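Colleague: Please take a close look at a single part of this model and set out what surrounds that part. A connected account, with the cut-offs stated, would be the most useful form.

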Amino acid sequence: QVQLVESGGGLVQPGGSLRLSCAASGRTLSDSAMGWFRQAPGKGREVVATITRRAFSTHYADSVKGRFTISRDNERVSLQMNSLKPEDTAVYYCGAAPRYTGSYIPPENSDDFDDWGQGTQVTVSS
């Protein structure tokens, strides 16, 4: 089982930027598709961005296209968030999908992800 730890969350003003990082302990993430998800109070967990093995392809939710960028190496996945909006406020979770083998079509369903971090709070407010 992959152990994931998120960091980088915090309070930021609208229009600001944050960079989230997800680090692995134990087994590495090299064989897993990875993703960032978020969950606001009273809402379900929604996909933000995903990335395939070896970073051949990425997927972004329409709401974050042009503002967020996902990247990875073998042991860490990052999410650069620019032009943040109040509606981006949520707990952000890092997930790993070791069973997903596609190299060019990234996963878009949270059910594909087996391992999750504890989450990091992102609050966008004045």
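Modeller: Buried here means under 20% relative accessible area, exposed means over 50%, and partly exposed lies in between, with a 1.4 Å probe and protein chains only. The model is a predicted one, in which local features need pLDDT of at least 70 and side-chain atom pairs count only at pLDDT 80 or more, while totals for chains, interfaces and linings use all residues. Residues are numbered from 1 along each chain as its sequence is written, and side-chain values use heavy atoms, with hydrogens and water left out.

The part chosen is strand β9 (90-97), with strands (E, at least two residues) and helices (H or I, at least four) taken as DSSP runs numbered from the N terminus. Of the 8 residues in β9, 7 are buried, so that the strand is mostly covered.

The partners of β9 come next; two strands pair if DSSP finds at least two bridges between them. With β4 (33-39), β9 runs antiparallel over 7 bridges, and Tyr93 in β9 has Phe37 opposite. The pairing of β9 with β11 (120-124) is also in the antiparallel sense and comprises 3 bridges; here Thr120 in β11 faces Tyr92. Antiparallel too is the arrangement of β9 and β10, joined by 2 bridges, where Asp115 in β10 is the bridge partner of Ala96.

The strand also feeds the interior. The largest nonpolar core (buried Ala, Val, Leu, Ile, Met, Phe, Trp, Tyr and Cys residues joined through side-chain atoms within 4.5 Å) holds 27 residues, and Met34, Trp36, Leu79, Met81 and Tyr92 touch the most other members. The elements giving two or more residues to this core include β1, β3, β7 and β8, but β9 gives the most, with 4 residues. Tyr92 has many partners beyond four places in sequence, among them Trp36, Phe68, Leu79, Met81 and Gly119 (a contact being heavy atoms within 4.5 Å). Two of these partners, Phe68 and Met81, are themselves bridge partners, Met81 being in β8; β7 and β8 run antiparallel over 5 bridges, and a hairpin of 3 residues joins them. A second, separate core has 6 residues, including Ala33, Ala97, Tyr100 and Phe113.

Gly119, in the loop between β10 and β11, touches Val91, Tyr92 and Tyr93, and also Glu6, when residues up to four places away are not counted. Its relative accessibility of 15% makes Gly119 buried.

A covalent link also involves β9. By the rule that a disulfide is a pair of cysteine sulfur atoms within 2.5 Å, the count is 1, and the bond joins Cys22 to Cys94 at an S to S distance of 2.1 Å. Cys22 sits in β3 and Cys94 in β9, 72 residues apart, so the link spans distant parts of the chain. The torsion about the S-S bond of Cys22 and Cys94 is about -80°, and the disulfide is therefore left-handed. Cys22 is buried at 0% relative accessible area, and Cys94 is buried at 0% as well.

Aromatic rings lie in the elements next in line. Rings of Phe, Tyr and Trp (its six-membered ring) pair if their centres lie within 6.5 Å; planes under 30 degrees apart count as stacked, over 60 as edge-to-face and the rest as tilted. The whole structure contains 4 such pairs. Phe37 and Phe113 make an edge-to-face pair, 4.8 Å centre to centre with 80° between the planes. Because Phe37 belongs to β4 and Phe113 to the loop between β9 and β10, this pair ties together parts that are 76 residues apart in sequence. The rings of Phe113 and Trp116 are tilted, with centres 6.0 Å apart and planes at 45°. Phe37, Phe113 and Trp116 thus belong to one aromatic cluster. Within this cluster Phe37 is buried at 1% and Phe113 is buried at 5%, whereas Trp116 is partly exposed at 28%.

Thr52 completes the account. This residue, in the loop between β5 and β6, is buried at 0% relative accessibility. Beyond four places in sequence, the contacts of Thr52 include Ala33, Arg72, Gly102 and Tyr104. A polar atom of the Thr52 side chain lies 3.1 Å from the backbone nitrogen of Phe56, and one lies 3.0 Å from the backbone nitrogen of Ser57.

Key:
Polar contact = N/O pair within 3.5 Å; in protein donor to acceptor, adjacent residues only side chain to side chain.
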